[in-house]
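Let's look at a protein chain together and ask how its labels are earned. Have the picture open as you read.

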Amino acid sequence: MFRPAIRQCTRPLATSLKPNCMASRAYASAGSVKFDWQDPLDSKSLLTEEELAISETAERYCQERMLPRVLQAYRDENYDAAILSEMGELGLLGANLDGYGCAGASTVASGLITRAVERVDSGYRSGMSVQSSLVMGGIHTFGTAEQKDKFLPGMAQGKLLGAFGLTEPNHGSDPGSMETTARPHPTKKGYLLLSGSKTWITNSPIADVLMIWAKLQETGKIRGFLVERKDCPPGTLETPAIKNKNGLRASITGMIHLDDCPVPEAHMFPDVEGLTGPFTCLNSARYGIALGTMGALEDCIERTRTYAMERKQFKNNPIAKYQLVQKKLADAATDAAYGTLAAIQVGRLKDEGKATPEMISMIKRQNCDRALWNARVLQEVFGGNAVSDEYGIGRHVANLFVTQTYEGQSDIHSLILGRAITGLQAFV
């Protein structure tokens, strides 16, 4: 059993160098520095000791405990819910939240966890992101003291599982048009009745707590509600799984059907209304995706490099010797390095209260797009062997298409950025 490496760290990132020493020291050591193809721009040098320790704990767990089971899980379209409890034991859930059994680590540290998980599989990262960023993050930001005390400790341990119900069958990229409603219970004071449907909801078939976004019938305003499965009368809540997916097969996805499902008014977020609530949650998760997809791309690079070094063609040369293969690896490594640096920068700004939603859109869009593009190109290096799931590259390609699509499809983030650049709304 791995022991938690997450702890508070107050030691500075690096001791400062005197200006008159900096240039000469860099010049003197330049000849001895070796290029690291796995971290081309030395992103590790930007991390604190705590962040490095968290990253190492996450990487070790993911490679030793998750990687051995992902291939069969993907084939069987089976998600092992014990993964979240294992992460909870290590302090990896809601790592950037304070209190309630959470580690209170940095935003960058939480992103490094998603990178480690997505290096194994995007589906595993999706299940963790919903738990940590969307549901726990939403409760931590918008919940009452009672709601936080009730749900967050169990969720931090992975004993309570969460799902985030925003997307609807008829309103994917247009959540403002949602049809799910909440109306006063006609006979039970202090309760509301939720009715409507949500779809493509990660974790919904196994979730204990479902964060549902619905319009209050009386005001037409969107509000957030916490629905406990155990308290729902038969027939008022159904969460069927969506099977036969082409991607994210190692995570569980479903729908949410609500038919006059009673929810205590005390389980409604008290102060947030409109799309501010769900979009705040989504921005946190989008950050994790931005750094997480770099983990998937890095795994694609490593798998492709290993294959190219071992595969020999044309006068018994390893195909890694040939220019076309090397260019593919160079392009992918560059995009992974740039994407990682950009995500670290935005994470730092987020913790300082200086990050804008458009920054999140930029790194989510760019990193997802480049991860998918490069994974598809690297897949070509495997030739016909790429069809075999044992090589892993095809699984990443299928998964990365989904990451480019959910929590804001790339074109939608383009319009968000375009609006910020021009001041003109293109969503109409």
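**Where two domains meet**

In this predicted model, Glu-298 and Arg-115 form a salt bridge, with their closest N and O atoms 3.8 Å apart.

Q: What makes the pair Glu-298 and Arg-115 a salt bridge?
A: A salt bridge needs a side-chain nitrogen of Lys or Arg within 4 Å of a carboxyl oxygen of Asp or Glu. Here the closest N and O atoms are 3.8 Å apart, which is within 4 Å, so the pair earns the name.

Q: How many salt bridges are counted between domain 1 and domain 3?
A: The count is six. Between these two domains there are also eleven residue pairs in polar contact, with both residues at pLDDT 80 or more.

Q: Which elements give two or more residues to the side of domain 1 that touches domain 3?
A: They are helix H2 (49-76), helix H4 (107-120) and helix H5 (122-142). H4 gives the most, with nine residues.

Q: What kinds of residue make up that side of domain 1?
A: Eleven are nonpolar, eleven are polar and seven are charged.

Q: Where do domain 1 and domain 3 lie along the chain?
A: Domain 1 covers 43-161 and domain 3 covers 276-422, while domain 2 takes 164-273. The contact between domain 1 and domain 3 takes 29 residues from domain 1 and 36 residues from domain 3.

Q: What is the area buried between domain 1 and domain 3?
A: That area is about 2600 Å², and carbon and sulfur atoms give 57% of it. The centres of the two domains, taken over C-alpha atoms, are 20 Å apart.

Definitions and conventions
Residues are numbered from 1 along each chain as its sequence is written. This is a predicted model: local features need pLDDT of at least 70, side-chain atom pairs count only at pLDDT 80 or more; totals for chains, interfaces and linings use all residues. Side-chain values use heavy atoms; hydrogens and water are left out. Domain bounds come from an automatic or database domain assignment. Contact means heavy atoms within 4.5 Å. Buried area is the accessible area (1.4 Å probe) that two parts lose on being put together, summed over both. A polar contact is a pair of N or O atoms within 3.5 Å; within protein, one must be able to donate a hydrogen and the other to accept it, and residues adjacent in sequence count only if both atoms are side-chain atoms. Helices (H or I, at least four residues) and strands (E, at least two) are DSSP runs, numbered from the N terminus. Ala, Val, Leu, Ile, Met, Phe, Trp, Tyr, Cys and Pro count as nonpolar, Asp, Glu, Lys and Arg as charged, and the others, Gly among them, as polar.
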